[in-house]
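Biologist: Hi! Could you walk me through this one?
Modeller: Sure, here it comes.

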Amino acid sequence: MKKKIKEIEYSTDQFESALGDSNSEKYILRLYIAGMTPKSIRAISNLKTICEDHLKGRYDLEVIDLYQNPQLATGEQIIAAPTLIKKLPLPLRRIIGDLSGTERLLVGLDLKKT
Amino acid sequence: MKKANDQPKQNDLPKSLTGIQGLDEITGGGLPKGRPTLICGNAGCGKTLLAMEFLVRGATQYNEPGVFMAFEETEKELTANVASLGFDLDKLTAKKMLLLEHIHIERSEIEETGEYDLEGLLIRINLAIDSIGAKRLVLDTIESLFGGLPNTLILRAELRRLFRFLKEKGVTVIITGERGDEMLTRQGLEEYVSDCVIMLDHRVTEQTSTRRLRVVKYRGSAHGTNEYPFLIDETGFSVLPVTSVGLNHSVTTDRISSGIPRLDTMLSGKGYYRGSSVLVSGTAGTGKSSLAAHFAFAACKRGERVLYFALEESPQQIIRNMRSIGIDNEQWVKNGLMKFHSNRPTFIGLESYLTLMHKVINEFKPEVVIIDPISSFIVGTNDFEAKSMIMRMVDFLKMNTITGFFTSLTGANSELEHTQINISSLIDTWMILRDIEIGGERNRGLHILKSRGMAHSNQIREYILTDNGAELLDVYVGPDGVLTGSARISKEAQEYSEQLSRQQETERKKLALERKRKAMVAKISELQEEFEAESIETLNMIYLEEERNKAFLLQQRDMAMSRKADTD
């Protein structure tokens, strides 16, 4: 786990220097979960770690339980749970799953080039 | 045996009527209620439409609200697409009888990291069903999930869960799926849906397309297993099972004239039965259309409506040509009793053409329908389709007590008593027009091959087209065989002269006899006169003799007295 985090830090440095301006962009993230299942809990903690590591101070994260607000599933075109929607910066992106694949999550959040 | 027959009735599955013409008959009452049904087929074969009609009919006819989950089209697109079929989705949506929901899956927007489930989809479906109290649900097409979500392991497990959930929910579900290469569907959806599978097909043979439907499987229920052609038109979906029509159309004993007095005479004096099907077949140029025109004219004259499907000629051409034999059908077209419909059936495909005919017939409500010629339904090797189409056409006409008059072109080399589509068994009255070739000329002959339910003439008549319409004449049947045309005329002339000379001979003999009789009479009277003259003379002489005798006696008595004779 530690080794992985180190890798991430290393790569983060690399892409941050490459990204330049975009570092200052504000991230609006919505995480939709279906009840507090183990998957949901994993997703929340994974996301929080990433945000704290990479987007500290410039992200707005909201966790929404679809059971409480089922109509949001329709409105937001959600089919899978958990689903993370990156509303800003554009392009809009959906990341589904418990967000355990950090690499893919970073790619999905445009924090890392593929 | 009896038990086995009774059992399925008792345990009959609860079914949900589709309201789609013909489909309920094939499935014996609709789709399995509260269970999923899979509809699979190639692109463009009408899956979405069938599913949509199931919902629309459910909402309008059976008061069952329905939800349509569209994975491929948006609500707007769907509404626009089915508006052409007469479904007003906006109205149904406003009445809360229908809910359209587009499920947007865009592969490029989705990133997978780790485990997930389709709870979001389930929540949406659940919400949609509960919000209008839906009894019916369509998922069109759930296979799009496979395109959007690469992890098929999760997907398959989740689909299983979804269908379990739907079954518990008790909604009747239609799932559509693209047809796969070896499987019924590309993603093997049939694995999850095992209650009822319907396959749609859109086949193109000889450049014309035919849509077909088949119930592949229907667990726990008897169903029609054939492939049934179906149509999609302005009124939606209609399956036309050949067998569904049944053979119980009402019949009448009403008879209608064929338009040719002599032909009526051949048909036991009264013409065709109303509501029967009449076929005229013959080789090219034998006057099939003329017979049709006569019949049409006669029907219009009775004030009946005639619908004329001209499959090879334009209406103007037919009217012009028929005027040459003295039939003016234009007047009926003008006053609305006759309607022409000119179209090549191959242009839109047989099935579509059949629908078109059904539609036009339902609109115009004719008493007589003429199809000229039915042989043009055959293109290449689609005999079977053409036959089943005509069979359905005939049944349809009979059900509505419409008299059908069909012409059929017989190929030059084929047998006369053989229609190209083998529909003779469907036909009630079949007349054959034939060429009779004698003495270097061709003449037309007509005979009735069969006419169900009436005593008909079994003779061949010569069929002549004159300026005043078609006429039927007796052919010459004599020691030289059947003669027609000028051969008949010359033979008739020859016979006439022979007869004439025979007549003269008789006349002469009669005169001679008369003369003899007269001579005899004259002789008799001469003899009589002679006899009379002689008899007078003789009588005179007898009288004189007697007088003389008397005088002699008187003289003797006087003499005796004078002599004082004592005698006396």
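What follows is a chat about the contact between the chains and the strands around it.

Modeller: This is a predicted model, where local features need pLDDT of at least 70, side-chain atom pairs count only at pLDDT 80 or more, and totals for chains, interfaces and linings use all residues. Residues are numbered from 1 along each chain as its sequence is written, chains are lettered from A and ligands numbered from 1 in the order in which they are written, and side-chain values use heavy atoms, with hydrogens and water left out.

Biologist: Thanks! How many residues does each chain bring to the contact?
Modeller: Chain A gives 28 residues and chain B gives 24 residues, counting heavy atoms within 4.5 Å as contact.

Biologist: And how many salt bridges cross the interface of chain A and chain B?
Modeller: The rule finds 2, taking a side-chain nitrogen of Lys or Arg within 4 Å of a carboxyl oxygen of Asp or Glu. One of them joins A:Lys39 and B:Asp117, at 3.3 Å from N to O.

Biologist: Switching to strands, how do S4(A) and S6 of chain B run?
Modeller: They run parallel, joined by 3 bridges; strands are DSSP runs of E, at least two residues, numbered from the N terminus, and two of them pair if DSSP finds at least two bridges between them. A:Ile96 has B:Glu112 as its bridge partner in S6(B).

Biologist: What links S3(A) to S4(A)?
Modeller: A hairpin, through 4 residues. Those two strands run antiparallel, with 4 bridges, and A:Ile85 partners A:Arg94 in S4(A).
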